[in-house]
Amino acid sequence: MSMTQASAPGKVYLFGEHAVVYGRPALACAIELRARVKVLSTRREGVHVGGSRGPESIHKYPYLATAVRLLEQRCAAPISGVKLKITSSIPAGAGLGSSAAVTVATIGALSHALDVGLGEEDIARMGYEVERNVQGSASPTDTYLSTFGGAYIMPEARRLTPPRCGIVVGDTKRSASTKALVAMVRELKSHHPELVEDIMDAMATLSREGERLLEAGELSELGRLMNINHALLNALGVGTPELDRLASAARAAGALGAKITGAGGGGCIVCLADEEDTPQVANAIRRARGRAYIVRPAEVGLVVEG
Ligand code: MEV
């Protein structure tokens, strides 16, 4: 087995998280924060993950264990004698698609190292199946964007031009479980189906309007719609005071729009800003006790080398 490594990017949602789980359109953009996976051979049986405390069983990592199981089913043979080394610049549990990026990079690297012969569509589909298995319900957005890069309307997978402006991510430094938040929205929806359907329909309108404004380069209006999407995510109960604090600070510092990105409950906000305003938006987020990342769209998704 040759040494193979792969990397895949994280992503932000400009519109439509949570609603996309119920088939509404979402608009997401891959960003240049990446997870990297190296596949190494080892004399140990099974698959291990190399960490600072020595190799650990893959079973401690539900996304990776599920990815390996699906790959084993695909090639109808056990995978053994493999160590995965994972590094990532994507904060984990922060709504930036870190688990999808690690999953896609792992499937890509293992498929190449073991000659499974998966194409990009197969990898995105298998990544989605992993997320659905681990999270209960999921949309294909995170794994699709990690595989293909770029900006897309999902679930149709229509490729768009990424926003031509600055993107700032503000991290509350509090991680949250996507699975728990998706379950929380499902519970709210079961109690108030009509109300939650209406909120999700409004989110769908935001995604469609957002697509038009993005293509037209009308970024100030796009930002306004992001602020509305933030408020609707609060209405679904996935907001927190920290997320509100970061979003307000970013807007006051000149962001065109600021909203929760991903599942919420902690995690991150995403802001669009004129390029020259990104340092002041990032500083405002830091002053509001967040961590800030000025990021670029990732045009390329999964990259496999080996
Ligand atoms: C999580 O990044 C986004 C959600 O819409 C869940 C999903 O799409 O799988 C909350």
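**Exercise 1. Find which side-chain atoms pair up with oxygen atoms of the ligand, starting from Y13.**

Start at Y13: an N or O atom in its side chain is 3.3 Å from a ligand oxygen. That passes as a polar contact (a pair of N or O atoms within 3.5 Å). Next, go to S139, where the side-chain N or O atom sits 2.6 Å from an oxygen of the ligand. Then check D142: one of its polar side-chain atoms is 3.3 Å from a ligand oxygen. Now for cover: the ligand on its own has 290 Å² of accessible area (Shrake-Rupley method, 1.4 Å probe), and the protein covers 98% of it.

A word on the model: it's predicted, local features need pLDDT of at least 70, side-chain atom pairs count only at pLDDT 80 or more, and totals for chains, interfaces and linings use all residues. Residues are numbered from 1 along each chain as its sequence is written, and side-chain values use heavy atoms, leaving out hydrogens and water.

**Exercise 2. Work out what makes up the shell around the ligand.**

First, count: 14 residues surround the ligand, taking a heavy atom within 4 Å as the cut-off. Among them are H18 and A138, listed with the closest. Second, sort them: 6 are nonpolar, 5 polar and 3 charged, with Tyr counted as nonpolar and Gly as polar. Third, place them: domain 1 (4-159) and domain 2 (163-295) each give at least three residues, the bounds coming from an automatic or database assignment.

**Exercise 3. Describe the peptide bond between M154 and P155.**

Look at omega: it is about 5 degrees, and the bond is cis.

Methods. Polar contact = N/O pair within 3.5 Å; in protein donor to acceptor, adjacent residues only side chain to side chain.
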